[in-house]
Each structure stands twice: as structure tokens, then as C-alpha cells.
Amino acid sequence: MQVYRWLLVAIVALPLAAQAQSGREGDTWESLAKLPELGGLWEITFGGGPRGPGEPPSLTPPYAARLKSYQEAEARGDIQDTPAANCVPNGMPGIMTQPYPIEILLTPGKVTILIEAYSQWRQIFTDGREHPEDPDLTFNGHSIGHWEGDTLVVDSVGFTTDTALGSFGMRHSDQMRIVERFRLAAPDRLEIETTITDAEALTKPWTATRAYGRHRDWTLAEYVCQQNNRNFTTDDGKAGINLEHEGQP
Amino acid sequence: MNASSTVTKGRMREFACWAVALAAGLLLGGVAAAHHSFSVFDMQTDKVIEGEIVEFQWTNPHTWTWIDVTNADGSKTRWGLEGMSPNFLGRRGWSKNTFKPGDKVKAVIWPLKSGEPGGTLQRATLPDGTEVVNFGRGPG
């Protein structure tokens with residue numbers, strides 16, 4: 001019995017020890033030091049991407065019809081704004097393209113992205129775990145990642161359908177999957193190639209690449225959207241603004 | 001023109017480009033809008049108002065500049081002007097002290113379509129003649 005126990009320990013422990021030694025990239029402080037240095041803040045560059053805005057996504061008929069009716073309602077003035085005016089964060093993928101900087105932190109087994117807009121964050125597990133079998137559906141999804149040389153490849157699933165694919169009328173299903181490839185195209189230029197697949201909403205994968213400039217001297221600033229939000233959207237999409245001010249003459 | 005003012009000018013031009021792009025929703029190639037749409041503002045009209053700063057709210061998601069404008073009959077109307085966030089402006093030369101209560105300023109705005117006394121602040125001229133760009137087409 002004792003022998004079996006030791007055998008069991010050996011079977012479990014040896015591969016673990018070997019892994020710790022050879023190392024999954026980004027699993028130890030030592031291996032992090034060999035990865036690209038991503039310090040400072042990153043802000044999306046004017047124009048968005050190195051190759052322009054890219055091709056629009058190819059929507060399946062029901063999702064194309066939904067977008068069309070949304071756009072018609074916008075043109076009629078029936079829909080004037082989105083829940084973001086009420087401080088609801090964009091969720092993925094839109095939260096990665098806000099006109100506010102992001103910070104990328106590498107720690108053993110995890111990459112954390114701090115997103116100034118709406119004070120959001122994403123955690124990307126690089127410790128070898130898989131997605132949960134039946135993930136909870138969230139705004140920013142569940143992300144796992146690994147390094148292919150100097151490129152961080154991130155795979156995300158588990159998105160709530162409350163968020164949009166692009167403009168707010170362009171929606172996705174809970175089958176949406178996002179693969180992002182992060183790489184330094186130049187010392188102070190980060191490019192993220194984002195490929196979205198969604199068997200229900202898209203007829204083919206949709207890829208866009210966006211560039212971010214480095215600002216080493218910036219630090220993140222607080223963004224509490226509810227602090228003094230005077231914009232609002234009603235449940236049926238009408239926009240409004242609150243002009244009440246203390247001591248109005 | 002010295003080097004630093006050239007840099008400032010270049011920075012300002014980039015800033016104005018940003019602002020126009022944001023306003024037009026061009027920046028993100030239709031991928032994500034910023035905080036809200038501009039449906040309530042008349043972006044075809046540059047309206048000029050002159051008055052006295054009552055309060056400059058250095059807050060998210062927008063700064064708000066409150067100006068009392070004296071009307072022809074001597075009465076006053078308080079205008080509320082939405083601006084870019086402290087996060088955006090703070091990285092581009094603005095601070096919570098850019099406008100002080102009592103400052104007499106001239107502001108170029110996109111007015112509310114509703115006719116209420118409010119709008120989007122594009123730029124303003126400070127008491128010492130300095131022009132500060134918040135949003136929109138910028139100087140020139």
C-alpha cells in the first residue's frame with residue numbers, strides 16, 4: 001500500500017516538477033523577464049488601426065435584419081442612444097477600443113488588463129487552465145492565454161448578449177469567441193489583432209487590428225461614471241440631458 | 001517659435017483631430033462609441049456665448065462648465081456646458097483650475113437642439129486671451 005502511495009506521488013509530482021523547471025512562459029517571475037516589456041499606459045491611436053477600420057463583419061440573416069431595423073429606428077430618431085449613456089460598460093470587444101488608456105500587468109500565471117474607461121479589468125489566465133465547461137456569461141468574458149514567442153494569444157468566451165459586437169445595433173450571440181494576438185510592432189507601439197467568431201451571428205470570422213501608443217509617463221486616473229453623469233437613455237432609447245445646477249438664477 | 005511651443009501646437013492639432021474623430025464616431029471604425037451619442041446636440045451650429053464662470057466641475061464622465069450669461073434685459077441665464085472628461089483633458093494640459101469662478105470667458109459651443117441653455121463646449125477664451133480647446137474643430 002505504501003509503495004502505491006509513493007508511486008502515486010511520483011506520477012503526480014514528477015511532471016509538475018518538470019514543468020516548473022522548463023516553465024510555461026509567463027509562469028514564473030524569471031520567465032516573465034524574458035517576455036516583451038509592456039510597462040506604461042497604452043492608448044488606442046488616432047484612426048484605430050494600422051490598416052484602417054477593416055472590413056465590416058459579415059452577419060447572418062437574422063443578425064443583419066436586426067441591425068437594419070436598429071439603423072432604421074436610429075434614422076427615424078426613435079433610438080437616440082445606448083445604455084453606455086447610463087454608465088453601463090461596453091463589455092467585450094468594445095471595452096478594448098475606448099478613448100482611454102489601458103495598463104497591462106504581467107504576473108506569474110496571469111495577465112491583468114486594467115481599463116480606465118468605466119474602471120474595468122480583464123484577467124487572462126496563462127497558467128494552463130482551460131475555460132470552464134459552462135462559463136457564466138459576463139461583460140468581459142473568461143480569458144485564457146499563452147505566449148507564442150513574443151506574441152500573447154488570448155482566447156475568450158462566455159459573453160453576455162447584453163453587449164454589442166460593433167455599433168449597438170450589431171449584436172452577437174452567447175457563442176461569441178474572441179481571439180486576440182498582442183504583439184509589440186515597435187518599442188512603443190502595441191498591435192492587437194482581434195478575430196471574432198460566432199456561429200449564430202457571423203457567417204465568417206471577423207478580424208481587425210488596432211494599434212496602441214505607449215505613454216510611459218501617464219498613470220491611470222479614476223473613472224467613476226456615476227459621479228456626475230448628466231446624460232441618460234430611456235428604456236426605449238430616447239436620449240436626454242440633465243441641466244439642473246445648484247443655485248440656478 | 002521655440003521648440004516647446006511647436007510641440008504644444010502639434011499636440012494640440014492631434015488633440016483636435018481626436019476630438020473631431022470622437023465626435024464623428026470615426027475613431028473606432030464603428031467598433032465602439034464613447035460614453036454617449038451626440039443626438040441631443042446641434043453639431044451644425046457653432047454658437048458663441050459670453051459670461052461669468054459659476055463653477056467648473058472636474059468630474060466624470062464629463063466636465064461641466066456652468067456660466068451665467070447676462071441677457072439683454074439684465075436677467076441672467078445659467079448655461080451648462082458638457083466637456084471632455086478630466087482623464088482626457090488632464091493629459092492634455094487642462095486642470096481643475098482651468099476655469100475659476102468669476103472668470104469672464106467666451107465659449108464656442110454646439111448648442112442643445114431643445115433650445116435649453118446647454119451644449120457641448122468646443123473651446124473657450126480665458127480672461128488673459130488664452131484659447132483652450134476642449135472638443136470639436138479646435139482653433140482655426
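This is a short talk on a predicted model, mostly about chain A and its sheet.

Hi everyone, and thanks for coming. Since what we have is a predicted model, let me start with how confident the predictor is. Chain A has an average pLDDT of 89, and 88% of its residues reach at least 70. There is one stretch to treat with care: over residues 14–22 of chain A the pLDDT stays under 50. For that stretch the model shows 1 contact beyond four places in sequence. Where pLDDT is low, the predicted coordinates should not be read in detail. I will leave that segment there.

Now for the overall picture. Chain A contains 3 helices and 12 strands. Of its 249 residues, 33% are buried. If you take the contacts in chain A with a separation of 6 or more, 55% of them are between residues 24 or more positions apart.

So what do the strands build? In chain A, 9 strands close into a barrel, and their pairing is mixed. Going round, the order is β1-β3-β4-β5-β6-β7-β8-β9-β10. On average, neighbouring strands of this sheet are turned by 30° against each other, ignoring direction.

Let's look at a few of the pairings, beginning with β1. Strand β1 of chain A, residues 41–44, runs antiparallel to strand β10, residues 206–215, and 4 bridges join the two. Within that pairing, A:W42 has A:R214 in β10(A) as its bridge partner. β1(A) also pairs with β3(A), again in the antiparallel sense, over 2 bridges. Which residue of β3(A) stands opposite A:W42? That one is A:I102. If you want a landmark to find in the viewer, try A:W42, with A:R214 as its partner in β10(A) and A:I102 opposite in β3(A).

Next door, β10(A) pairs with strand β9 of chain A, residues 189–197, over 8 bridges, and this pairing is antiparallel too. As an example, A:T194 stands opposite A:A208 in β10(A).

One helix deserves a moment: α3 of chain A. This helix has 16 residues and spans 22 Å from first C-alpha to last, close to the 22 Å expected at 1.5 Å a residue. Just after α3(A) comes A:G77, with a positive phi of about 85°.

That brings me to the backbone oddities. As background, most residues other than glycine have a negative phi, and most peptide bonds are trans. Here are some exceptions.

The loop between α3 and β3 of chain A holds A:C87, which is not a glycine and yet has a positive phi of about 75°. Is A:C87 buried or partly exposed? A:C87 counts as partly exposed, because 19 other C-beta atoms lie within 10 Å and a buried residue needs 20 or more. The loop between α3 (61–76) and β3 (102–107) of chain A also contains A:P93, and a cis peptide bond joins A:M92 to A:P93, with omega about 0°.

Further along, A:Y118 is in the loop between β4 (110–115) and β5 (120–125) of chain A. This residue is not a glycine either, but its phi is positive, about 60°. A:Y118 is buried, with 21 other C-beta atoms within 10 Å.

Finally, a quick visit to chain B. Its peptide bond from B:N60 to B:P61 is cis, with omega near 0°. B:P61 is placed in the loop between β1 (47–57) and β2 (63–70) of chain B.

That's my tour. Thanks for listening!

Terms used: Residues are numbered from 1 along each chain as its sequence is written. Chains are lettered from A and ligands numbered from 1 in the order in which they are written. This is a predicted model: local features need pLDDT of at least 70, side-chain atom pairs count only at pLDDT 80 or more; totals for chains, interfaces and linings use all residues. Helices (H or I, at least four residues) and strands (E, at least two) are DSSP runs, numbered from the N terminus. A residue is buried if 20 or more other C-beta atoms lie within 10 Å of its own, exposed if 12 or fewer, and partly exposed in between; C-beta atoms are placed from the backbone. The expected span of a helix is 1.5 Å times one less than its number of residues. pLDDT is the predictor's confidence in each residue, from 0 to 100. Two residues are in contact if their C-beta atoms, placed from the backbone, lie within 7 Å. Two strands pair if DSSP finds at least two bridges between them. Axes are lines fitted to C-alpha atoms, for helices over the stretch in contact, and angles run from 0 to 180 degrees between N-to-C directions.
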